[in-house]
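Student: Got a minute to go through this model with me? I'd like to poke at a few spots and see what turns up.

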Amino acid sequence: MLRWILIDFSVFLCVATVTGIIIPQILLIAFRKNLFDTPDPRKIHKTEVPRLGGIAFFPAILFALLLLFGLGTLSQDVSIQLRIHNNIQPLCFTGCGAIILYLTGMADDLVGVKYRAKFVMQTFAAALVIICGIRIENLHGFLGIYELPTVASVLLTGLLIVFIINAINLIDGIDGLASGLSAIACTFYAYVFLHSNLYIYSAVAVATLGALLPFFMFNVFGNANKHKKIFMGDTGALTIGLFLSVMSIETCSIEWVENSANTAVVAFAPLLIPCMDVVRVYLHRLKAGKSPFLPDKTHIHHKLLALGMSQRKAMMSIICTSAILIAANYWLSAYVGITLLFLADLAAWIVANIMLTRSIAARERRLAVKLYE
């Protein structure tokens, strides 16, 4: 394991360095060619900011992983060669799916793409992942279900991949939120993969983390007036969403997890907040008679902003909550049934949203009284 920790650290440094070099060049091109995300009533930011940061992600991740595979095949270590050989097929298909979403996201960031076309591309990418054998074959007791029939496995996997991709895309509403939540998830998956001897996937997790952290610094701490701030855009959100969905599905296939935690809980706990939020938002839009695919300002981060929080405080609150949920679910799943644990998470989420809604209403009443006075 120590050797692979050193390899993962090298992969992380490689991706972080390449991403840190590419993003300033993207900023330079964006400002020269006037490629901005223009403010409007639906958006939080008030100044023009480039939304092409995600363009740096996939090339940096691909460069580091291909370099790792190339050096691995040249090494005399048979175990490294064997691990690369056993995992190269699923990673190649996943890479093809990532290319599709990368190009789709880039087109959307530059000229705009209709949500139906994006859905088709997401489905195509999901199909490529499924073809190579990455599937959810066991629910580990959720709703009393264990082994899944092949058809159910394929359909559920495709649905989950598209769902997770959209969840990451839609949670990207304030500075640092999508990248921060994804970074926490990648860190957790890397830990699980290392302890489960899935060393190639731990390299994928740390490579993704290496792309997210430099972007996080530009996104959260960059000054838009000094041309140092950038958004992820659909290019980054779609690509990261695909990688996270693959990591979660691979985690779900692990037969045993340290601490006897439930594998399905470990697989999806890092994605609880974006996934539960997108379900709530979709249901809210349908209840209001609107299309679930049309954007609005009803996400969890919008509620925190409505309470008077700054973007940074709202972002940190959600990320810290996600970290606590991951740790709590990981520990409790060894003692509590997966279905009961999921219902507890759902109940906590519903109660939290009800309390937020009431707090927002109370704040608006207080502001109205002060304005009247």
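Student: Where is His140 found?

Tutor: His140 is found in strand E1, where strands (E, at least two residues) and helices (H or I, at least four) are DSSP runs numbered from the N terminus. Before we go on, this is a predicted model, so local features need pLDDT of at least 70 and side-chain atom pairs count only at pLDDT 80 or more, while totals for chains, interfaces and linings use all residues. Residues are numbered from 1 along each chain as its sequence is written, and side-chain values use heavy atoms, with hydrogens and water left out.

Student: Fine. What's the phi of His140?

Tutor: Near 55°, a positive value in a residue other than glycine. Most residues other than glycine have a negative phi.

Student: And is His140 buried or exposed?

Tutor: His140 is buried, at a relative accessible area of 17%. Buried means under 20% relative accessible area, exposed is over 50%, and partly exposed is in between (1.4 Å probe, protein chains only).

Student: Which loop does Asn197 lie in, and what's its phi?

Tutor: Asn197 lies in the loop between H6 and H7. Its phi is positive, about 65°, although Asn197 is not a glycine. Asn197 counts as partly exposed, with 42% relative accessibility.

Student: New topic, salt bridges. How many does the structure hold?

Tutor: Eight, where a salt bridge is a side-chain nitrogen of Lys or Arg within 4 Å of a carboxyl oxygen of Asp or Glu. One of them pairs Asp234 with Lys118, with the closest N and O atoms 2.9 Å apart. Asp234 lies in helix H8 (residues 233-252) and Lys118 in helix H4 (residues 115-131), so this pair ties together parts that are 116 residues apart in sequence.

Student: Are those two buried or exposed?

Tutor: Both Asp234 and Lys118 are buried, and Asp234 has a relative accessibility of 6%. They also belong to a network of salt bridges that links Arg51, Asp108, Asp109, Lys118 and Asp234.

Student: What does Lys229 pair with?

Tutor: Asp175, in a salt bridge with 2.7 Å from N to O. Lys229 sits in the loop between helix H7 (199-221) and H8, and Asp175 in the loop between H5 and helix H6 (177-195), so the pair ties together parts that are 54 residues apart in sequence. Lys229 is buried, at 10% relative accessible area, and Asp175 is buried as well, at 15%.

Student: How about Arg280, what's its partner?

Tutor: Asp277, and their side chains meet in a salt bridge of 3.0 Å, N to O. These two are three residues apart in helix H10, which puts about one helical turn between them. Both Arg280 and Asp277 are buried.

Student: Switching to empty space. What's the volume of the second largest pocket?

Tutor: About 890 Å³. On a 1 Å grid over the protein atoms alone, a pocket is an open set of points with protein on both sides within 12 Å along at least five of seven lines, a cavity is a set where a 1.4 Å probe fits but cannot get out, and lining residues have an atom within 4 Å of a point. Grid points are joined across faces, edges and corners, and a volume is the space filled by probe spheres set on the points.

Student: Which lining residues are closest to the centre of that second largest pocket?

Tutor: Out of 31 lining residues, Phe142, Leu272, Cys275, Met276 and Phe342 are the closest to its centre. H13 gives the most to this lining, with nine residues. By class, the lining of the second largest pocket has 27 nonpolar, two polar and two charged residues; Ala, Val, Leu, Ile, Met, Phe, Trp, Tyr, Cys and Pro count as nonpolar, Asp, Glu, Lys and Arg as charged, and the others, Gly among them, as polar.

Student: And the largest cavity, what lines it?

Tutor: Tyr191, Val192, His195, Ser196, Val257, Glu258 and Tyr330. The volume of the largest cavity is about 30 Å³, and H6 gives the most to its lining, with three residues.
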